[in-house]
Amino acid sequence: MLKPLRQGLPPLDPAAVSDAASCALPARYEAVREARRFTRDTLDGWDVGDRFDDICLVVSELVTNALRHALPAAPCRSEALQPPVRLHLMRWSERLVCGVRDPSHETPVQRDSDDFSAESGRGLFLVESFADSWGWHPLAGSLEGKVVWAMFRLPTAG
């Protein structure tokens, strides 16, 4: 079990962010395609160098995990007011963070598997392999759930 991990998470000062984008995602698997499209469209306008494909892959995995493992079996009425999953992309000059917010308080669990032909169960392994760091933290205040995030170092200009 992973403990909440904030190491490597950039400062949360909104003034330090050079670019940010966010989108709400519905509680259905088509949301993964929507998240990839949103990420591609957003990153097209940001200079992320050769990290483009890595970021898109990790976003797909984080959203898939949120939809598969973090949603309640029966949707609650409040989901109409606040979608259950939200994707956040934040760019600083030398790094980018993608975060996926979900309503669950459950700890993300990275599975150990020697079966590399399995069709599922490797999402967090891929996140760890392609991102420079990743972690999660519970939400505070009136927000319920957690954010699972991945950070990417970006090439510096020059």
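Here two people talk through some charges and one buried leucine in a predicted model.

Colleague: Why is Leu 154 called buried?

Modeller: Its relative accessible area is 7%, and buried means under 20%, so Leu 154 counts as buried. Leu 154 sits in the segment after strand E5 (146-153), and its contacts beyond the neighbours within four places in sequence include Arg 51, Arg 91 and Trp 92.

Colleague: What makes Arg 91 and Asp 19 a salt bridge?

Modeller: Their closest N and O atoms are 3.2 Å apart, and the rule asks for a side-chain nitrogen of Lys or Arg within 4 Å of a carboxyl oxygen of Asp or Glu, so the pair qualifies. The two are 72 residues apart, with Arg 91 in strand E2 (residues 85-91) and Asp 19 in strand E1 (residues 19-25).

Colleague: Are those two partners buried or partly exposed?

Modeller: Arg 91 is at 14% relative accessibility and counts as buried, while Asp 19, at 27%, counts as partly exposed. The cut-off for buried is under 20%, with partly exposed lying between that and 50%.

Colleague: How do you know that Asp 132 and Arg 51 tie together distant parts of the sequence?

Modeller: They form a salt bridge, with the closest N and O atoms 2.8 Å apart. Asp 132 lies in the loop between helix H3 (123-130) and strand E4 (133-138), and Arg 51 in the loop between H1 and helix H2 (52-69), so the bridge joins parts 81 residues apart in sequence. Both also belong to a salt-bridge network with Asp 54 and Arg 153.

Conventions:
Residues numbered from 1 in each chain as written. Predicted model: local features only at pLDDT ≥ 70, side-chain atom pairs only at ≥ 80, totals over all residues. Heavy atoms only, no water. Helix = DSSP H or I, 4+ residues; strand = E, 2+ residues; numbered from the N terminus. Buried < 20%, exposed > 50% of the residue type's maximum accessible area, 1.4 Å probe, protein only. Contact = heavy atoms within 4.5 Å.
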